[in-house]
Amino acid sequence: MYLVGLTGGIASGKSTVSAMLRELGCPVIDADLIARQVVQPHCPAYRLIVKHFGRDVLLESGEIDREKLGALIFTNPEKNRLLSTITHPEIQRAMIKQVLQHFVLGHRYVILDVPLLFETRRLTRFLKHTVVVYCDPDTQLSRLMERDSRSQDQAALRIAAQMPLEEKVALANHVIDNSGSQEDTYRQVLKLHSRLEDSLDFLLVRALVITTATGIGGLIFLLVKPFIF
């Protein structure tokens, strides 16, 4: 089994592509979903957020007010970094656990749906392929305005705060252009899925893991690793 990173920009259609891959039977590990789970009131990250950001970022229910917390860190890089140091280790532990579960189940590959894949670069060294969901700037702006009921200036400001999609495209192995219809996007996703399914990379990775686990493949692992990862 090998790992495939999926990313995009705000309102570029990453969630749409992720849903399409799920429909095709691909296991998808959603970093955003995990990020919500690790800040639930019973979790360690929740207590640290309340400690450092105060109870003003809580809803009446006691849960984290994601919109208020997001607005707080949006204009404060220091607080943004603090939040990352609290949540990212918990998110990564949860993702690793799910990866191992899918490995045991025998999947050929697993999609890691990570919005800030190239911004943080914490996971890129573990990925065999990276996929960016792209759409042209005008489409991205209009979709964001419609989706979030934002003015043009507000939407443009949110887009400008992110790494440009063009930069992500330059870093990716595969690009899904979501500027057109959903039918066109689905055809691209289907083609990508077929290519990933037909790859034999998973056999090499599985063989390395098995031989390393049995204690007899350490030297082979060191020799072959540069050609796989």
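Contact here means heavy atoms within 4.5 Å. With that in hand, let us walk through this predicted model, starting from the whole and moving on to helix pairs and single residues.

The protein holds 12 helices and five strands. Of its 229 residues, 40% count as buried. The exposed surface comes to about 13,200 Å², and carbon and sulfur atoms supply 57% of that area. If you look at contacts with a separation of 6 or more, residues 24 or more positions apart account for 70% of them.

Now to the helices. Two packed helices are described by the angle between their axes and the distance between the axes. Keep both in mind as we visit three pairs.

Take helix 4, residues 66-74, and helix 5, residues 77-105, as our opening pair. Their axes come within 6 Å and cross at roughly 125°. Helix 4 is therefore oblique to helix 5, because an angle over 115 degrees but not over 145 falls outside the parallel, antiparallel and perpendicular classes. Which residues of helix 4 meet helix 5? They are Leu 69, Leu 72 and Ile 73, and their partners in helix 5 are Pro 77, Lys 79, Asn 80 and Leu 83. Sorted by class, this contact has five nonpolar residues, one polar and one charged.

Our next stop brings together helix 1, which covers residues 14-23, and helix 10, which covers residues 182-198. Here the axes come within 10 Å, with a crossing angle of roughly 55°. That angle makes helix 1 oblique to helix 10. The crossing of these two helices is right-handed. On the helix 1 side you will find Thr 16, Val 17, Met 20 and Leu 21, which meet Gln 182, Thr 185, Tyr 186 and Val 189 of helix 10. How many charged residues does the contact of helix 1 with helix 10 have? There are no charged ones; the contact divides into five nonpolar and three polar residues.

The remaining pair is helix 7, residues 137-148, with helix 8, residues 152-160. Their axes come within 9 Å and cross at roughly 115°. Helix 7 passes helix 8 in a right-handed crossing. Helix 7 contributes Gln 140, Leu 141, Leu 144 and Met 145 to the contact, while helix 8 contributes Gln 152, Ala 155, Ala 156, Arg 158 and Ile 159. Six of these residues are nonpolar, two are polar and one is charged.

It is worth staying with this pair a little longer, starting with the loop that joins it. Ser 149 sits in the loop between helix 7 and helix 8. Its phi is near 55°, a positive value in a residue other than glycine. Is Ser 149 buried or exposed? Ser 149 is exposed, with a relative accessible area of 66%, and the cut-off for that class is over 50%.

Arg 150 belongs to the loop between helix 7 and helix 8 as well. With a relative accessible area of 26%, Arg 150 is partly exposed. Leaving aside neighbours within four places in sequence, Arg 150 is in contact with Leu 144, Met 145, Ala 155 and Arg 158. Those four residues also appear in the contact of helix 7 with helix 8, with Leu 144 and Met 145 from helix 7 and Ala 155 and Arg 158 from helix 8.

A step further along, Asp 153 lies in helix 8. Asp 153 counts as exposed, because its relative accessibility is 63%. Its C-alpha atom is separated by 9.7 Å from that of Leu 141, and the two residues are 12 apart along the chain.

We finish in another loop, the one between helix 6 (117-120) and strand 4 (129-134), where Arg 121 has its place. The phi of Arg 121 is near 60°, which is a positive value in a residue other than glycine. Arg 121 is partly exposed, at a relative accessible area of 45%.

Phe 126 is also found in the loop between helix 6 and strand 4. Phe 126 is partly exposed, with a relative accessible area of 40%. Where does the chain bring this residue? The C-alpha atoms of Phe 126 and Tyr 2 are separated by 8.6 Å, although these residues are 124 apart along the chain.

Technical notes:
Residues numbered from 1 in each chain as written. Predicted model: local features only at pLDDT ≥ 70, side-chain atom pairs only at ≥ 80, totals over all residues. Heavy atoms only, no water. Axes fitted to C-alpha atoms, helices over the stretch in contact; angles between N-to-C directions. Parallel < 35°, antiparallel > 145°, perpendicular 65-115°, else oblique. Left-handed = near helix turned anticlockwise from the far one by under 90°. Nonpolar A, V, L, I, M, F, W, Y, C, P; charged D, E, K, R; others polar. Buried < 20%, exposed > 50% of the residue type's maximum accessible area, 1.4 Å probe, protein only. Areas by Shrake-Rupley, 256 points an atom, 1.4 Å probe, with all protein chains shown as cover.
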